[in-house]
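These are my notebook entries on a single chain and its ligand. I set down each point in the order in which I looked it up.

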Amino acid sequence: MKHKSVIIIGGGLAGLYAAHRLEQQNIPYLLLEANSRLGGRILGAQNKQNSGHYFDLGPTWVFPHHQKTQGLLKQLGIEFFEHYAKGDVLYQTSENQAAQRIKGAGELDLFKIQGGCQSLVTALHTSLEPNNVFLNHELTNIERCKNLWEITASHKGVECTLSADELMLAMPPRIIAQHLAEKQWISDVLLSQLQNSQTWMAGQAKFAVAYATPFWREQGLSGQIFSQTGPMVEIHDASTDTDRSHGLFGFIGWPASRRSQMTQQQLKQACLAQLVSCYGPLASDFTDYYLKDWASDRFTCTASDKLESSRHPSFTLSNHKQALRDLHLHFIGSEFATVDPGYLEGAIDAVDRSAYFT
Ligand SMILES: Cc1cc2nc3c(=O)[nH]c(=O)nc-3n(C[C@H](O)[C@H](O)[C@H](O)COP(=O)(O)OP(=O)(O)OC[C@H]3O[C@@H](n4cnc5c(N)ncnc54)[C@H](O)[C@@H]3O)c2cc1C
């Protein structure tokens, strides 16, 4: 059985950043990721017209006060720029009426990452020793044996077992709870807290469209649409600042239950029709379009996340700190952060504040 000082489960931002820190400190570790890709909720669709730009289907924005995220981007040499929000906004109240144009209401004080959030995943992955990262390794069991962690993972249907001194779970609370139910070393209070903590944005879906030109900007529009009809309730400019990649993205407001009654193609067509209804025929001249329904991603969203309306997570680990320290167990996903839980910033904060790194 392979043994390492640390095993990290989950290759989203938290898991990758933890691995990056361990790598810098020369601490032997392994990172196991269930998916065939890294990034977790960070997911980009590569623009065929400009291979250096990925349209964000997960997170897009870095907020001005997200200093840890900005610091990490600078450390990794990744540029970020101000989100384009100049010009007028459209407001859609009904499918049958033209969207109203509202003057100059589009100011947003947000940053976007050059190339998309995928740049952060690529840079962190590049900083790691490739043999320490196992893709397609889904955690199936966790056991505590003689002061060690014994981890079983399924790799393309074949089980493998690994051991570690320290275990870092870089997954959302409800996904962790699925693996810790009925374990005697975890208290009922902590388990129920994990089960009741929503994964931020897990029940959401996002749509992005690529265009050769930013036709909305040329009409004095910011790209922002707010809609009461949907499918998208909020639409924004998804272009880079370099004039080489243009597009729009929207948050789909129709709930997961309604989306599950449609095929992906029907939902994509409904999103495209909404854009044409707001912007006219130029909106049908797209070069590509992409949809990600996070509610059907079993490594992100649980049945409870699908049912609840979206709310910001707040997880209090303080009552369990000593028990977790004694177990050498670390919860490092974004929802466990003290500052900005649920956000990219939270993923970095949760790692930095874990008992292992403090
Ligand atoms: C649509 C959307 C929009 C968002 N917008 C923003 C935004 O604009 N700004 C912002 O700051 N944040 C935003 N967020 C939130 C941001 O994406 C998250 O805070 C951040 O990516 C969480 O990182 P994480 O590593 O903690 O968790 P995750 O990214 O969820 O990573 C968990 C990882 O664990 C893996 N995993 C799960 N189960 C197993 C298993 N059994 N075995 C092995 N691996 C497993 C998963 O595959 C995944 O890779 C958004 C999220 C979504 C979905």
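Into which domains is the chain divided? I note at the outset that I am working with a predicted model. I find domain 1, made of 1-42 + 117-200 + 310-358, and domain 2, made of 51-116 + 203-299.

**Entry: the two domains**

I looked up the separation of the domains and found their C-alpha centres 30 Å apart. I then listed the contact between them, which takes 17 residues from domain 1 and 20 residues from domain 2. On the side of domain 1 that touches domain 2, I find that H3 and H11 each supply at least two residues. I sorted the residues of this side by class and obtained 9 nonpolar, 4 polar and 4 charged.

**Entry: the ligand shell**

How many residues surround the ligand? I count 39 residues around the ligand, and I record Gly10, Gly12, Gly40, Pro59 and Tyr343 as the closest. From which domains does the shell draw at least three residues each? I find that both domain 1 and domain 2 meet that mark.

I next asked which elements contribute. I note helix H1 (13-24), strand E11 (137-145) and helix H11 (344-353), each of which supplies at least two residues of the shell. Of the elements, H11 gives the most to the shell, with 4 residues. By class, I divide the shell into 20 nonpolar, 14 polar and 5 charged residues.

**Entry: H2 against H11**

As H11 had appeared in the ligand shell and on the domain 1 side of the domain contact, I looked up its packing with helix H2 (residues 67-75). I read an angle of about 85° between H2 and H11, with their axes 8 Å apart. I therefore enter H2 and H11 as roughly perpendicular to each other. From H2, I find Lys68, Thr69 and Leu72 meeting Leu344, Glu345, Ile348 and Asp349 of H11. I class the residues of this contact as 3 nonpolar, 1 polar and 3 charged.

**Entry: H1 against H3**

How do the axes of H1 and helix H3 cross? I find that the axes of H1 and H3 (residues 118-126) come within 9 Å and cross at roughly 30°. This crossing angle makes H1 roughly parallel to H3. I also record the crossing of H1 and H3 as left-handed. On the H1 side, the contact is made by Leu13, Leu16, Tyr17 and His20, and on the H3 side by Leu120, Val121, Leu124 and His125. I find 6 nonpolar and 2 polar residues in the contact of H1 with H3, and no charged residues.

**Entry: H4 against H5**

I then took the pair formed by helix H4 (residues 173-180) and helix H5 (residues 188-195), whose axes come within 7 Å and cross at roughly 135°. I therefore enter H4 and H5 as oblique to each other. The contact is made by Pro173, Arg174, Ile176, Ala177 and Leu180 of H4, together with Leu191, Leu194 and Gln195 of H5. I class this contact as 6 nonpolar, 1 polar and 1 charged.

**Entry: backbone checks**

Which peptide bond is cis, with omega near 5°? I find that it is the bond from Gly230 to Pro231. I place Pro231 in the loop between strand E15 (221-227) and strand E16 (232-237).

I also looked up Asn136, where phi is near 55°, a positive value in a residue other than glycine. I locate Asn136 in the loop between strand E10 (133-134) and E11. I add a cross-reference here to the ligand entry, since E11 supplies at least two residues of the shell around the ligand.

Key
Residues are numbered from 1 along each chain as its sequence is written. This is a predicted model: local features need pLDDT of at least 70, side-chain atom pairs count only at pLDDT 80 or more; totals for chains, interfaces and linings use all residues. A residue is near a molecule or strand if its C-beta atom, placed from the backbone, lies within 6 Å of it. Ala, Val, Leu, Ile, Met, Phe, Trp, Tyr, Cys and Pro count as nonpolar, Asp, Glu, Lys and Arg as charged, and the others, Gly among them, as polar. Domain bounds come from an automatic or database domain assignment. Axes are lines fitted to C-alpha atoms, for helices over the stretch in contact, and angles run from 0 to 180 degrees between N-to-C directions. Angles under 35 degrees count as roughly parallel, over 145 as roughly antiparallel, 65 to 115 as roughly perpendicular and the rest as oblique. A crossing is left-handed if the near helix is turned anticlockwise from the far one by less than a right angle, and right-handed if clockwise. Two residues are in contact if their C-beta atoms, placed from the backbone, lie within 7 Å.
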